[in-house]
Amino acid sequence: EGVEKMPRNVKRHIAICNWSKRGEKVIEELHHPTAEPDTEIIILTDAEVNEKELREKSKRYANVYFIKGKPTSYETLKSARIHQAKSIIILSDAVDKEPDPKTIMTCLAIRQLSKDLKDDHQPHIIAELMERTNRKMALDAGATEIVSAGFYRTGIMLQSAIYHNLSDIFHELLIYEQNSS
């Protein structure tokens, strides 16, 4: 009940790894008039999610599909057709005290899956990190963009999912603002 099956050949979708209250904000923003409301959104999470309740609460979940499993697992990633995604947002796992290693492992798993499936399409990976010191490691692991949790609002992450590389611009602006005040 209330569980929607993902379309079989979905591609150029947006995938979200991990789910929390912030995930709901992400869905809200992705349905902003300036965003791409028809894009399918696939959420990979091992958290308990009451899909039925979310769907009843909001029409925004009409094209949102949940896949239960760890975002670090090949099986989970494959079933979400992650290698075919347009953008992937990796939210920091809210349950984990130190979520960054898991985020980095997710990046590695996604890139490895694309290699294994000999897929030339490289999804745009936006990874949220708790510690700025992990930035280089996440980029080395295959993240395209890094956003710092708490430092950015969710909106920047979403804009980046839609218009790639925006986070760099925001990052520059924020650094500039900090230095000039």
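**Cavity lining, an aromatic pair and buried contacts in a predicted model**

By residue class, the lining of the second largest cavity comprises two nonpolar, one polar and three charged residues. The model described here is predicted, and the residues that line this second largest cavity are Leu-129, Glu-131, Arg-132, Arg-135, Ile-146 and Ser-148. The space in the second largest cavity amounts to about 30 Å³, and the count of cavities of 30 Å³ or more comes to two.

The protein chain that surrounds these features contains seven helices and six strands. Read from the N terminus on, its elements follow the order β-α-β-α-β-α-β-α-β-α-β-α-α. Of the 181 residues in the protein chain, 50% are buried, and the chain exposes about 9,800 Å², of which carbon and sulfur atoms supply 52%. Among contacts between residues at least 6 apart in sequence, 66% join residues that are at least 24 apart.

The count of aromatic pairs comes to one. This pair is formed by Trp-19 and Phe-66, with a distance of 5.3 Å centre to centre and an angle of 85 degrees between the planes; because planes over 60 degrees apart count as edge-to-face, the pair is assigned to that class. Trp-19 is located in the loop between strand S1 (14-17) and helix H1 (21-30), whereas Phe-66 belongs to strand S3 (residues 64-68), so the pair ties together parts of the chain that are 47 residues apart in sequence. Both partners are buried: the relative accessible area is 13% for Trp-19 and 12% for Phe-66.

Further contacts between separate parts of the chain involve helix H4, which spans residues 100-116 and includes Ile-104. Ile-104 has a relative accessible area of 8% and is therefore buried, since the term applies to values under 20%. When residues up to four places away in sequence are not counted, Ile-104 touches Asn-134, Met-137, Ala-138 and Ala-141. For one of these partners, Ala-138, the separation between its C-alpha atom and that of Ile-104 is 5.2 Å, although the two residues lie 34 residues apart along the chain.

The contact between Ile-104 and Asn-134 leads to the loop between strand S5 (124-129) and helix H5 (135-140), where Asn-134 is placed. Asn-134 likewise counts as buried, at 18% relative accessibility, and its contacts, with residues up to four places away in sequence again left out, are with Asp-100, Ile-104 and Leu-129. Leu-129, in turn, is one of the residues that line the second largest cavity, and Arg-135 is also among the lining residues.

Helix H4 also holds Lys-102, which, at 16% relative accessibility, counts as buried. Apart from residues up to four places away in sequence, Lys-102 touches Asn-18, Asp-46, Thr-72, Asp-93 and Asp-96. Helix H4 thus contains both Ile-104 and Lys-102; the contacts listed for Ile-104 include Asn-134 and Ala-138, whereas those listed for Lys-102 include Asn-18 and Asp-46.

Conventions
Residues numbered from 1 in each chain as written. Predicted model: local features only at pLDDT ≥ 70, side-chain atom pairs only at ≥ 80, totals over all residues. Heavy atoms only, no water. Phe/Tyr/Trp six-rings, centres within 6.5 Å; stacked < 30°, edge-to-face > 60°. Helix = DSSP H or I, 4+ residues; strand = E, 2+ residues; numbered from the N terminus. Buried < 20%, exposed > 50% of the residue type's maximum accessible area, 1.4 Å probe, protein only. 1 Å grid on protein atoms, 1.4 Å probe; cavity = no way out; pocket = protein on both sides within 12 Å on 5 of 7 lines; lining within 4 Å. Points joined across faces, edges and corners; volume = space filled by probe spheres on them. Nonpolar A, V, L, I, M, F, W, Y, C, P; charged D, E, K, R; others polar. Contact = heavy atoms within 4.5 Å. Areas by Shrake-Rupley, 256 points an atom, 1.4 Å probe, with all protein chains shown as cover.
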